[in-house]
Amino acid sequence: MELYRLKSFLSIARNKNLTRAAEQLNISQSALSSQLKQLEEELDLALFERSSRGMFLTEVGQELVPLVNELLAAEEHLLQKAHALRHGGEALNIGLNASPGFLR
């Protein structure tokens, strides 16, 4: 499963429109449509109902949104952790509740 397809899924769900979602993702509408088709085939689920008024999540699509959000948040956390490790670990901040002169 490709993360970019999941990001596309969320963009379509937010925009309720394939054209606006494609513009937001800076890809063509046909590329986005293809990504959605591949995701739906991989999951063997219909994620959207298409109508003249836009695209609306199916019941199963609605159930998957929170899981996809969690997965993408985990990806972001992993990238942040890798960045911190690459640059010598995480920063440690120490706060004082007294003036530094008092501690001398």
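## A guided tour from a surface salt bridge to the nonpolar core

Begin by selecting E41 and K37, which form a salt bridge with their closest N and O atoms 3.8 Å apart; the term denotes a side-chain nitrogen of Lys or Arg within 4 Å of a carboxyl oxygen of Asp or Glu. The model is predicted, and local features need pLDDT of at least 70, side-chain atom pairs count only at pLDDT 80 or more, while totals for chains, interfaces and linings use all residues. Residues are numbered from 1 along each chain as its sequence is written, and side-chain values use heavy atoms, with hydrogens and water left out.

Both members of this pair lie in helix 3, four residues apart, or about one turn of the helix. E41 and K37 are both exposed. Here exposed means over 50% relative accessible area, buried under 20%, and partly exposed in between, with a 1.4 Å probe and protein chains only.

**The chain as a whole**

Switch to a cartoon view of the whole chain. It contains five helices and two strands, in the order α-α-α-β-β-α-α from the N terminus. Helices (H or I, at least four residues) and strands (E, at least two) are DSSP runs, numbered from the N terminus. Of the 104 residues in the protein chain, 26% are buried. Among contacts with a separation of 6 or more, 44% join residues 24 or more positions apart; a contact means heavy atoms within 4.5 Å.

**Helix 3**

Next, select residues 29-43, which make up helix 3. Its 15 residues reach 21 Å from the first C-alpha to the last, close to the 21 Å expected at 1.5 Å a residue. The expected span is 1.5 Å times one less than the number of residues.

Colour L32, Q35, L36, L39 and E40, which are buried. Looking down the axis of helix 3, one finds these buried residues within an arc of 130°, so they line one face of the helix; the arc is that of the directions from the helix axis to the C-beta atoms. An α-helix has 3.6 residues a turn, so residues three or four places apart point the same way. On the other side of helix 3, S30, K37 and E41 are exposed. The cover over the buried residues includes helix 1, helix 2, strand 1 and strand 2.

**The loops on either side**

Select N26, in the loop between helix 2 and helix 3. N26 has a positive phi of about 60° although it is not a glycine, and its relative accessible area of 69% makes it exposed. Then move to D44, in the loop between helix 3 and strand 1. D44 also has a positive phi, near 55°, and is a residue other than glycine. D44 is exposed, with a relative accessible area of 69%.

**The hairpin**

Continue to residues 48-51 and 54-57, which are strand 1 and strand 2, paired in the antiparallel sense over four bridges. Two strands pair if DSSP finds at least two bridges between them. Together they form a hairpin with two residues between them. Two bridge partners in strand 2 may be labelled: L57 for F48 and M55 for R50.

**The nonpolar core**

Keep F48 selected and show what surrounds it. Leaving aside neighbours within four places in sequence, F48 is in contact with F9, I12, A13, L36, E40, M55, F56, L57 and T58. Which residues touch the most other members of the largest nonpolar core? Of its 17 residues, they are F9, I12 and F48. The elements that give two or more residues to this core are helix 1 (3-15), helix 2 (18-25), helix 3 (29-43) and helix 4 (59-86). Helix 1 gives the most, with five residues. A nonpolar core is a set of buried Ala, Val, Leu, Ile, Met, Phe, Trp, Tyr and Cys residues joined through side-chain atoms within 4.5 Å.

**Salt bridges between helices**

The tour closes with charged pairs; the whole structure has four salt bridges. Select E42 and R5, whose side chains meet at 3.6 Å, N to O. E42 lies in helix 3 and R5 in helix 1, so this pair ties together parts 37 residues apart in sequence. E42 is partly exposed at 40% relative accessibility, whereas R5 is buried, with a relative accessible area of 15%.

Finally, select K7 and E75, which meet in a salt bridge at 3.5 Å, N to O. K7 belongs to helix 1 and E75 to helix 4, so the pair ties together parts 68 residues apart in sequence. K7 counts as partly exposed, at 36% relative accessibility.
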